[in-house]
Every structure is written in C-alpha cells, then in structure tokens.
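Okay, hi everyone, thanks for coming. Let me put the structure up, and then I'll walk you through a few spots in it.

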Amino acid sequence: SVAGYADVAKRIIDLAVFGAAQNRSHRRLADFTDTIGNRVSGSHDLEMAIKYMYNAFAQDGLDVHVEPVKIPHWVRGEESAEMIAPRAKRLAILGLGSSVGTPPEGIEAEVLVVQSFEELKHRASEAIARIVVFNQPFVSYGETVAYRAYGASEAAKVGAVATLIRSITPFSINSPHTGWQDYQEGVKRIPSACITVEDAELMWRMAQRGQRIVVRLSMGAKTLPDADSFNTVAEITGWQHPEQVVLLSGHLDSWDVGQGAMDDGGGAMISWEALSLIKDLGLRPRRTMRTVLWTAEEQGGVGAQQYYDLHKVNRSNFDLVMESDLGTFTPVALQFTGSVAAQKIMAEVVKLLAPINTTTLETHGEGTDISPWMKAGVPGASLHVADSRYFWFHHSEGDTMTVQDPHDMNLCSALWAVVAYVVADLEDMLPR
C-alpha cells in the first residue's frame, strides 16, 4: 500500500530539507545560471547550457543522453523606442519573440492607445498608419497574455504599422517583459514589442487629454533558419520494469533577459535533484525515473512536441509525466490530471508529504511540455507553489537568482522526489 512508503518518504524529506542535500538544488541553480546566463532558443548560450547539464548529470553518476531536435532561432538585435511628442521620453521596451524588425531607419508614427481588442475594433479607422499601444488591464496571465500573443496581428488587420503592448504583469518597476507572439496566417507582419505598465498608462492618460502622441521605434529583430538543439535526458533505470517510465521535467531554455533562474532554472534543477536524492539514499524504484530538460519551451513547447512525436508509440509505458514551470517558491500542493482511480492513489501519495505540510492534491496538472501526453490520456502532474510574485519577474531582466530561496527549493525537491519515487515503485502503474 501507499501508506507503507511513509518511512522512505521521511528519509527523502530529511535528506533534502535537513540533511547533506540541504540547499543543494539552489547551489546547483546558482552555479548553472551564473556560469551560463540566459539561454534563448537557437543561441550559443543554450548549446553551452545543454553541454553543462550533460556533464553535470554524468558527474552525478546518472545515465545521460541527448536527443536531437530542430528549434526556432529568433534574434532580438538592437532595439529602442522613444516618445517624441507631447514630450521627449525614452521608453523601455522588449521586442517579442518571432517579431519582425523595423526598417533600418525605424518607424516614426502617431500613436493610438486602446485598452482592449474591442476598443481597437470600434476605433479601426483611427489605426491606419499608426502605432497601436495596448494598455489592457492585467486580469490574469492566462487571460491577458492574448494581447501579447495576438496584438500585432489584430493591429495589422486595421492598418497599424507597429504595436507596443503593455507588459503582461501585475507589478512593475519600469520593467518590460518579453515572450513569444504568434503572427496569424495571411496577415501582414508588423513589429511588436512590450512596453512597461508605467509607459502604457502614461500614454493612455495623454490620449485621454486629447494630446497627440508620436513614437519612434527601432527594432533589429530577425528570424534565422531553425537551429539544431537537444532535449537532455538523465535517468535511474527501474529494476523490475525498466521500460515503464515516470518522467520529471523542466525546460532548459529561457528568454534572452535576466538569468532564467525562476523560469525555468528552478524546475530543471529540482527535476535533477529528485534523481540525486533517490541515488544518494541507495534507492532503486521498480520503474525508470527519467528527468528530461526540454529545449525551446518558450517558443511553444517545440522540443517537447518532438520528444512526444518520437516516443508516443510507447505511451502505454509512460506511467506519469511531471513538469515544474511555474516557479519553485513555497510548495502548497500537487496538481494532477488523471482518472478518478488514479486520483485516489495520488491523494494517498501526497499524504506522505505531511512532514512538509503539502498533502493537498488539486485537479489539473499543467505544463506546455507535458500537455501532449495528458491530451493522449497519460496522467500528468505539476507543482503548485505560492506563486503570487511569479509574474512580477517573468520574462524580464528581474528573473535572477535573487528571486530564489534555498529553503523553498529544498521543499520543492523533496515533494518532487517523493511523488516520483513512490509512483515509480508502486506494484502497478496508475490506472488510465
């Protein structure tokens, strides 16, 4: 029974939180991000990151290999924006992934400020030859991110020459936030960048007063041919059913700002740490525990989709897929997607986490990289943490080691290791 794992769960937790492995995942993350820095899809830095982790896994005594994939290669280039009228002011911007650049001389145009896609439709005639500024309120990341994703195409449909979008964040200290954006098929591609909450609100107030706003935008962004990359895989082979797999994961790529410590260095490190804890305790589960560090998640789960396409023929052997990509702050629960019968088992598994007070099982495991598996009926799990500050730093220069806490990472590592090990060692696979 699951309850029989209480002692081994406590040993894992003690090692991670109080023992020799205390603060190890945080130290590993600092070493990694300080050495490599940020690592955007297609970059030399991402190649270096993959080599670094391959060597780190090997030195840790884990079975390690890489699996080749093709990934997008977008380059930011030099970029700047300034307001010319009603007064001169430099605007902090971050071009959005996949955006085209401006002509070499830049774009200088009058601004139309709107607060929603609806307002843009109502004022479509005013958008022609303008730079559209979106000053949408932040409701939630899931809802508001539509402006980042589709703002450029919606503005282009009504004749705009560029778009500047209020950063998708609830909190700002003049910090622009980047991210991927999607051009719609058959719609003219116009340059798109995020501006700060402060500057979006400033231009909105000016527009409300009827002041004429002019902005000069210069972006050197370009898309190069797809690059070669790898998903990085480390595992502890199961003693009884080596072909059956519990998969833990985080993504190794990041945006080209900050250090990518929170998004998703933390998720990658606790997915390594979980294997290290099991190995350090001399444990070997019945099934294989496999850690995958995905490449090009930020471009829409590109590496993960290719991994799924390659391995889906064996999907009946994938017992549980896990992903951590919403921060490694204080853990509060495990999120899980699976059958009612599987939920009952997982509710028992999280009871083993009583020593760290994270015994709650919530519905809906989530993660861009594991979603193809969950759609195919494979049980999926994700980490729910106290993430109120996650989007303060997300995709910005603020995503650095400073936002990470060693004790929180110990707790996340303990939870991740206990869940993965116990599920991998149960008599039977989780019922579909």
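So, R24, R28, D60, E273, K279 and D280 are linked in a network of salt bridges. Before I go on, keep in mind that this is a predicted model. Let's pull one pair out of that network. R24 makes a salt bridge with E273, and their closest N and O atoms are 2.9 Å apart. Why is that pair nice to look at? R24 sits in helix α2 and E273 in helix α7, which covers residues 261-280, so the pair ties together parts that are 249 residues apart in sequence. And are these two buried or exposed? R24 is buried, and so is E273.

How many salt bridges does the count come to? It comes to 24 salt bridges. I'll show you a couple more of them.

Next up is E108 with R216. Their side chains meet in a salt bridge, at 3.0 Å from N to O. Here the partners come from strands: E108 is in β5, residues 107-114, and R216 is in β9, residues 214-219, so this pair ties together parts that are 108 residues apart in sequence. What about accessibility? E108 counts as partly exposed because its relative accessibility is 49%. R216 is partly exposed too, with a relative accessible area of 34%.

Then there's R123, which forms a salt bridge with E119, and the closest N and O atoms are 2.9 Å apart. This one is a good exercise in reading the numbers. R123 has 25% relative accessibility, so it counts as partly exposed. E119 has 18%, so it counts as buried. The cut-off for buried is under 20%.

Okay, back to helix α2, because it has a packing partner I'd like you to see. Helix α2, residues 24-36, packs with helix α3, residues 44-59, at an angle of about 145°, and their axes are 10 Å apart. The crossing of α2 and α3 is right-handed. Which residues meet there? From α2 you've got D31, F32, T35 and I36, and from α3 you've got D45, M48, A49, Y52 and M53. Sort the residues of that contact by type and you get six nonpolar, one polar and two charged.

Now for the domain record. UniProt, in an unreviewed entry, lists residues 231-417 as "domain: Peptidase M28". In the model, that stretch of chain is 34% helix and 25% strand. The C-alpha atoms at its two ends are 21 Å apart.

One residue in that numbering range to click on is R290. It lies in strand β12, residues 287-294. R290 counts as buried, because its relative accessibility is 14%. So what is R290 in contact with, if we leave aside neighbours within four places in sequence? The list is V233, A234, E235, V245, V246, L247, L248, Y307 and F318.

Last stop: a loop. S175 is in the loop between β7, at 162-166, and β8, at 192-195. Not counting residues up to four places away in sequence, S175 touches S167, T196 and E198. And here's something you'd miss on the sequence alone: S175 and L94 are 81 residues apart in sequence, while their C-alpha atoms are 9.2 Å apart in space.

That's my tour. If you try one thing yourself, start from R24 and E273, the buried pair, and trace the rest of that salt-bridge network, including R28 and D60. Thanks, happy to take questions!

Methods:
Residues numbered from 1 in each chain as written. Predicted model: local features only at pLDDT ≥ 70, side-chain atom pairs only at ≥ 80, totals over all residues. Heavy atoms only, no water. Helix = DSSP H or I, 4+ residues; strand = E, 2+ residues; numbered from the N terminus. Buried < 20%, exposed > 50% of the residue type's maximum accessible area, 1.4 Å probe, protein only. Contact = heavy atoms within 4.5 Å. Axes fitted to C-alpha atoms, helices over the stretch in contact; angles between N-to-C directions. Left-handed = near helix turned anticlockwise from the far one by under 90°. Nonpolar A, V, L, I, M, F, W, Y, C, P; charged D, E, K, R; others polar. UniProt positions renumbered as here; feature names shortened; annotations may be inferred. Salt bridge = Lys/Arg side-chain N within 4 Å of Asp/Glu carboxyl O.
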